[in-house]
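Trainee: I've got a chain open on my screen and would like to talk it through. Can you take my questions one by one?

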Amino acid sequence: MTPTRRRRRRRRHPVRSSAAATLVCVLAALFLLFVTVPGKRADSRAFATAAACVGDEPALECRKTIEGTVKGTETVHQGKSTHYRLTITGRGGDTHHADMNGPASVFAKAKPGDRVKATYWRGKIRFVDLRGTVQLTEDQPKDAYRFPFACGMGLLALGGTFGWLTYWMVRQVRSHPARYAWQATVLPCAGVLTGIVAFVAPLVTDTVPTALVLTGAGAVPVVLGALWRIRVRRRQSEEFEVAPVVPEREECIEGGVAARTPYGRELIGAYLVVGPGLLAVTPDPAGRTLRRALPHTLVVERVRVPYWSDPSGVTAETRGWRKALRQVVIVCRDGADEVLIGVQRKHVPWVLGALRRPPAAGEPREPREPVPSEGRA
């Protein structure tokens, strides 16, 4: 008898969530890459080409250098951030504060009374010179574009990953109803790895073209490896054989049942009680109360991977992604009605053994044979 597949009912919630994540990531990436980064790079070019201020001209579009003495250094902790603050006293007695870009260089060498030169541009100190040693401040515009560029590249890679997952759920699931573990691991892992490469590349290179080349060089092997893994995994069968094992005593395991039968509404609970000749559903984690036993008229047809159209109680979606990846479905028939039993892969032999009718007194036991199927995973 060829098993009939139910018509898939598309789940809108994961599709909408993935599409929303795609939109958010792509819009944020476009804003960073085409608004924030060009502005930061323009500031860097303006600072590099700025001329020295003349006389008392304010340090707006020109550079103004002041001389003073070091008053002190201070390490300031604000939440998860650490600021290395250098305090300078000018010739007129005025005080200037500069947050340096690290604890080394000028900040490490400066002592109270040392003579330094601080260069202003657009109202902020951009670098400090101590006896020929120059250290940039946190407000320096030279490399200010790197972090937003890195965030934009990483978000663009993640947006592409979410977009592919959305396409898969909308289009590919129609022709591939089986729900394999690789669908939830290979593509996201490849997307995350590509995002990491795209994020790190601008931070370790000096120019935008170099960062793009490094990102492409790192992304190509990741994508090729993911495509090879998908090609290999798509050949596996959705059904497999499992030898039944009759439990020696009653055990309570996690699982769910969905049945198109008159008693289907009574099968409430996220736990199964398995034992010799007993399979019951219960909401009690200990399996002692509120049991609803399944009838002995159930006939096992096959053991398969979950389908995208299966109810969430059968696919273990509500119990976390780790358990959902290890979930399998036992397809049974009660007359003309279909009954789906979802359990963890390691508990399948117990469930199959519990579904076997216990032999009557004097009746020989049935030999242990695997549940027939069309292939092996």
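Mentor: Sure, one definition to begin with: buried means under 20% relative accessible area, exposed means over 50%, and partly exposed lies in between (1.4 Å probe, protein chains only). This is a predicted model, where local features need pLDDT of at least 70 and side-chain atom pairs count only at pLDDT 80 or more, while totals for chains, interfaces and linings use all residues. Residues are numbered from 1 along each chain as its sequence is written, and side-chain values use heavy atoms, with hydrogens and water left out.

Trainee: What percentage of the residues of the chain count as buried?

Mentor: Take the chain's 377 residues and apply that cut-off. The share that counts as buried is 41%.

Trainee: And how many helices and strands does the chain have?

Mentor: Both are DSSP runs numbered from the N terminus: helices are H or I with at least four residues, strands are E with at least two. By that rule, the chain has eight helices and 13 strands.

Trainee: Which element gives the most to the largest nonpolar core?

Mentor: A nonpolar core here is a set of buried Ala, Val, Leu, Ile, Met, Phe, Trp, Tyr and Cys residues joined through side-chain atoms within 4.5 Å. The largest one has 25 residues, and Leu279, Ile341 and Val351 are among those with the most contacts inside it. Elements giving two or more residues to this core include β12 (327-334) and β13 (337-344). With four residues, the top contributor to this core is α8.

Trainee: Which residues does a second, separate core include?

Mentor: That second core has 19 residues and is separate. Its members include Ala59, Ala110, Val116 and Ala118.

Trainee: How many degrees are there about the S-S bond in the link of Cys53 and Cys62?

Mentor: The rule for a disulfide is a pair of cysteine sulfur atoms within 2.5 Å, and the count comes to one. Cys53 and Cys62 are joined with S to S at 2.0 Å. Cys53 counts as buried because its relative accessibility is 16%, and Cys62 is buried too, with 6%. The link is right-handed, and the angle is 95°.

Trainee: How many residues apart in sequence are the parts that Asp43 and Arg122 tie together?

Mentor: A salt bridge needs a side-chain nitrogen of Lys or Arg within 4 Å of a carboxyl oxygen of Asp or Glu, and Asp43 and Arg122 meet in one at 3.0 Å, N to O. Asp43 lies in helix α1 and Arg122 in the loop between β4 (115-121) and β5 (124-130), so the parts they tie together are apart in sequence by 79 residues.

Trainee: Which residues are linked with Asp43 in a network of salt bridges?

Mentor: The whole structure has 13 salt bridges. In this network, the residues linked with Asp43 are Glu61 and Arg122.

Trainee: Which strands hold Asp99 and Arg85?

Mentor: Asp99 and Arg85 form a salt bridge with their closest N and O atoms 2.8 Å apart. Asp99 is partly exposed, with a relative accessible area of 22%, and Arg85 is partly exposed at 23%. The pair ties together parts 14 residues apart in sequence, because Asp99 lies in strand β3 and Arg85 in strand β2.

Trainee: Is Ser44 buried or exposed?

Mentor: Ser44 is found in helix α1 (residues 12-48). Leaving aside neighbours within four places in sequence, Ser44 is in contact (heavy atoms within 4.5 Å) with Pro141 and Lys142. Its relative accessibility is 18%, so Ser44 counts as buried.
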